[in-house]
Amino acid sequence: MSEIDQAIKVLQDPNTLKSAVDEIFQKVDSDNSGYIEQNELEVALKGLSKQLGIPEPTKKDIADSMKQIDENNDGKISKKELKPLIKGLFDLLIQELQNSK
């Protein structure tokens with residue numbers, strides 16, 4: 001199965017998308033609190049930027065990201081709040097993979 005097919009499967013199958021969100025959430029929620037706090041988001045975003053070879057996000061970038069994702073403004077990210085972000089990332093991945101063909 002190609003990378004595009006795998007990404008499309010995640011988006012089309014609610015159970016696969018839920019599993020992907022659960023897996024990512026568990027990796028980022030390092031203290032197992034059931035929420036992603038800003039310091040955990042910072043570690044995740046910095047690690048991702050390093051893997052992608054792009055500049056690290058600034059403290060402001062991270063704070064802005066937190067505000068965008070944290071819909072209820074409680075200072076932490078729930079799985080429900082993370083799901084649209086993960087879905088959007090898979091959409092972008094599919095577009096990038098299709099454009100690179």
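At 22% relative accessibility, Asp22 counts as partly exposed, a class that lies between buried (under 20% relative accessible area) and exposed (over 50%), computed with a 1.4 Å probe on protein chains only. The structure is a predicted model, in which local features need pLDDT of at least 70 and side-chain atom pairs count only at pLDDT 80 or more, while totals for chains, interfaces and linings use all residues. Residues are numbered from 1 along each chain as its sequence is written, and side-chain values use heavy atoms, with hydrogens and water left out.

Asp22 is a convenient way into the salt bridges, since its side chain meets that of Lys18 at 2.7 Å, N to O. A salt bridge here is a side-chain nitrogen of Lys or Arg within 4 Å of a carboxyl oxygen of Asp or Glu, and by this rule the count comes to eight. Lys18 is itself partly exposed, with a relative accessible area of 47%. The two residues are four apart in helix α2, so about one helical turn separates them. Helices and strands are DSSP runs numbered from the N terminus (H or I over at least four residues for helices, E over at least two for strands). An α-helix has 3.6 residues a turn, so residues three or four places apart point the same way.

A salt bridge with the same kind of spacing is found in helix α4, where Lys60 and Asp64 are four residues apart, about one helical turn. Their side chains meet at 2.8 Å, N to O. Lys60 is exposed, at 57% relative accessible area, whereas Asp64 is partly exposed at 29%.

In helix α3, Lys46 and Glu42 are again four residues apart, about one turn of the helix, and their side chains form a salt bridge of 2.9 Å, N to O. Here Glu42 counts as buried, with 16% relative accessibility, and Lys46 is partly exposed at 25%. This pair also belongs to a network of salt bridges that links Glu42, Lys46, Glu56 and Lys59.

Helix α3 itself covers residues 38-52, 15 residues in number, and reaches 21 Å from its first C-alpha to its last. That is close to the 21 Å expected at 1.5 Å a residue, the expected span being 1.5 Å times one less than the number of residues. Alongside Glu42, the buried residues of α3 are Glu40, Leu41 and Ser49. Their cover includes α2 (14-28), β1 (36-37), α4 (59-69) and β2 (76-77), where contact means heavy atoms within 4.5 Å. Helix α3 is followed by Gly53, whose phi is positive, near 70°.

Turning to helix packing, two packed helices are described by the angle between their axes and the distance between the axes. Helix α1 (residues 3-12) and α2 pack at an angle of about 100°, with their axes 5 Å apart. That makes α1 roughly perpendicular to α2, a label given to angles of 65 to 115 degrees. Axes are lines fitted to C-alpha atoms over the stretch in contact, and angles run from 0 to 180 degrees between N-to-C directions. On the α1 side, Lys9, Val10 and Gln12 meet Pro14, Thr16, Leu17 and Ala20 of α2.

Finally, Ser78 lies in the loop between β2 and α5 (79-99). Ser78 is buried, at 17% relative accessible area, and touches Phe25 and Tyr35, not counting residues up to four places away in sequence.

Notes. Parallel < 35°, antiparallel > 145°, perpendicular 65-115°, else oblique.
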